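Let's take a walk through a protein model together, helix by helix and then out into the loops. Keep the picture open as you read.

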Amino acid sequence: MAEFNEVYARAGYYDIAFNRDISREVEFVFGEYKRLNNRPLQSLLEIACGPGYHARAFAKQGVETFGLDLRPEMIDFARDKAKEDGVDVHWMAADMRAFSLPHPVDAIITMYDSLDCLADNDDIVAHFRAVASWLTPGGIYLFELTHPRDCSPHGYGNYVYCGERNGTKVEIKWAVNNPRHDAFTQVAEVETILRVVENGKETLYRDKARERYLTPQELVALTKLAGSFRVVECYGDFIQGLRMDNSPQSRRMIFVLQKIL
Ligand SMILES: C[S@@+](CC[C@H](N)C(=O)[O-])C[C@H]1O[C@@H](n2cnc3c(N)ncnc32)[C@H](O)[C@@H]1O
């Protein structure tokens with residue numbers, strides 16, 4: 001599992017490097033749910049929520065919201081931020097392959113490549129089944145992954161994320177070992193360095209995790225294997241009607257599934 005313990009256990013530093021505007025993504029989820037169900041979205045679970053950017057944004061708009069992450073440190077951080085924002089979210093530290101909610105929800109989302117932590121097909125199918133079991137009929141599952149052009153067995157790419165807040169500088173260099181996805185397992189051993197400069201002192205945290213590359217057609221097949229879903233669309237961005245393809249406008253791989261059984 002791509003646990004990246006050193007990075008994800010330091011939620012405050014993660015937030016400095018990765019905090020971003022996600023309003024367009026939230027509007028897209030609202031739109032997709034309404035388009036497919038002809039009624040407004042009322043409840044949502046964000047899986048692998050990290051600091052809970054999306055969960056907090058949905059809660060702000062009156063949606064009954066749940067946020068789930070494997071790392072209790074992320075959940076504690078997200079809870080504190082929600083308190084600061086004055087919004088109510090039900091937080092839980094749990095694994096995305098097996099979790100439970102008090103009741104099914106209208107939408108479940110997993111953003112920002114968080115699905116690539118599931119390396120085996122069995123884990124992915126277990127995850128899809130867990131998601132389906134907590135969706136209301138007609139409910140949607142939306143997950144966002146990197147476009148295959150940018151990260152695949154043909155090249156992983158280099159990624160640096162930086163931020164600064166109240167004098168603390170954070171830099172996260174992803175994939176410093178120039179990893180390659182194994183040709184058969186499609187799993188890459190990815191090394192990452194978290195660099196923090198705080199009170200004039202530099203600290204480096206080295207981290208390592210396994211990440212799975214998933215082709216679009218594998219995702220379609222694994223969805224079918226899991227049952228309960230139909231694939232509504234694979235989008236290239238958070239833009240209605242923009243299908244994922246090879247065009248430059250198509251920048252991400254965003255699946256929308258709908259629960260049919
Ligand atoms: C790339 S971060 C994404 C965080 C957040 N969704 C965002 O948009 O910034 C991936 C998150 O997945 C979580 N994670 C990794 N494996 C997980 C698992 N098996 N179950 C639940 N969460 C997991 C990590 O703890 C981390 O917070």
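Start in the loop between β7 (168–174) and β8 (187–198), where you'll find A175. Bear in mind as you look around that this is a predicted model. The backbone does something unusual here, and a bit of background helps: most residues other than glycine have a negative phi. A175 is not a glycine, yet its phi is positive, at about 65 degrees. How buried or exposed is A175? It has 19 C-beta neighbours inside 10 Å, so it counts as partly exposed; being buried would take 20 or more.

Stay in that loop between β7 and β8, because N178 sits there too. N178 is another residue other than glycine with a positive phi, this one near 50 degrees. N178 has 11 other C-beta atoms within 10 Å, so it is exposed. T185 also has its place in the loop between β7 and β8. With 12 other C-beta atoms within 10 Å, T185 is exposed, since the exposed class covers 12 or fewer. Now look for C117: it is 68 residues away from T185 along the chain, and the two C-alpha atoms are separated by 13 Å.

Next, hop over to helix α3, which runs through residues 23–37. Here's a little sum you can follow: at 1.5 Å a residue, its 15 residues should span 21 Å, and the end C-alpha atoms are indeed 21 Å apart, so the two agree. If you're puzzled by that sum, the trick is that you multiply 1.5 Å by one less than the number of residues.

Which residues of α3 are buried? They are E25, V26, F28, V29, E32 and Y33. These residues cover an arc of only 160 degrees around the axis, which puts them on the same side of α3. Turn to the other side of α3 and you meet exposed residues: S23, R24, K34 and R35. So what covers the buried ones? The cover includes α4 (53–60), along with the strands β4 (105–110), β5 (135–146) and β11 (252–259).

Let's follow that link from α3 to α4. Two packed helices are described by the angle between their axes and the distance between the axes. For α3 and α4, the axes come within 10 Å and cross at roughly 60 degrees, and α3 and α4 are therefore oblique to each other. The crossing is right-handed. Up close, S23, E25 and V26 from α3 meet H54, A57 and F58 from α4.

α4 has another partner, helix α5 (residues 72–85), with the axes 10 Å apart and an angle of about 30 degrees. That makes α4 and α5 roughly parallel to each other, because angles under 35 degrees count that way. As α4 passes α5, the crossing is right-handed. On the α4 side of this meeting are A55, R56, A59 and K60, and on the α5 side are A78, K81, A82 and D85.

Before leaving this area, have a look at what comes after α3. Just past the helix, N38 takes a positive phi of about 60 degrees. A little further on is Q42, in the loop between α3 and β1 (43–47). Q42 counts as partly exposed, with 13 C-beta neighbours inside 10 Å. Setting aside neighbours within four places in sequence, Q42 is in contact with V63, E64 and D106. Q42 and T65 are 23 residues apart in sequence, and their C-alpha atoms are 8.6 Å apart.

The last stop is helix α6, residues 121–133. Its 13 residues should span 18 Å at 1.5 Å a residue, and its end C-alpha atoms are 18 Å apart, which agrees. What is buried here? In α6, that's I124, H127, F128, V131 and A132. Seen down the axis, these buried residues fall within an arc of 130 degrees, so they line one face of α6. They pack against β4, β5, α7 (216–226), β10 (229–235) and β11.

Finally, take the pair α6 and α7. Their axes come within 9 Å and cross at roughly 60 degrees, which makes α6 oblique to α7. α6 passes α7 in a right-handed crossing. The residues meeting there include I124, F128 and A132 of α6, and L222 and L225 are among those of α7.

Notes:
Residues are numbered from 1 along each chain as its sequence is written. This is a predicted model: local features need pLDDT of at least 70, side-chain atom pairs count only at pLDDT 80 or more; totals for chains, interfaces and linings use all residues. Helices (H or I, at least four residues) and strands (E, at least two) are DSSP runs, numbered from the N terminus. The arc is that of the directions from the helix axis to the C-beta atoms. Two residues are in contact if their C-beta atoms, placed from the backbone, lie within 7 Å. Axes are lines fitted to C-alpha atoms, for helices over the stretch in contact, and angles run from 0 to 180 degrees between N-to-C directions. Angles under 35 degrees count as roughly parallel, over 145 as roughly antiparallel, 65 to 115 as roughly perpendicular and the rest as oblique. A crossing is left-handed if the near helix is turned anticlockwise from the far one by less than a right angle, and right-handed if clockwise.
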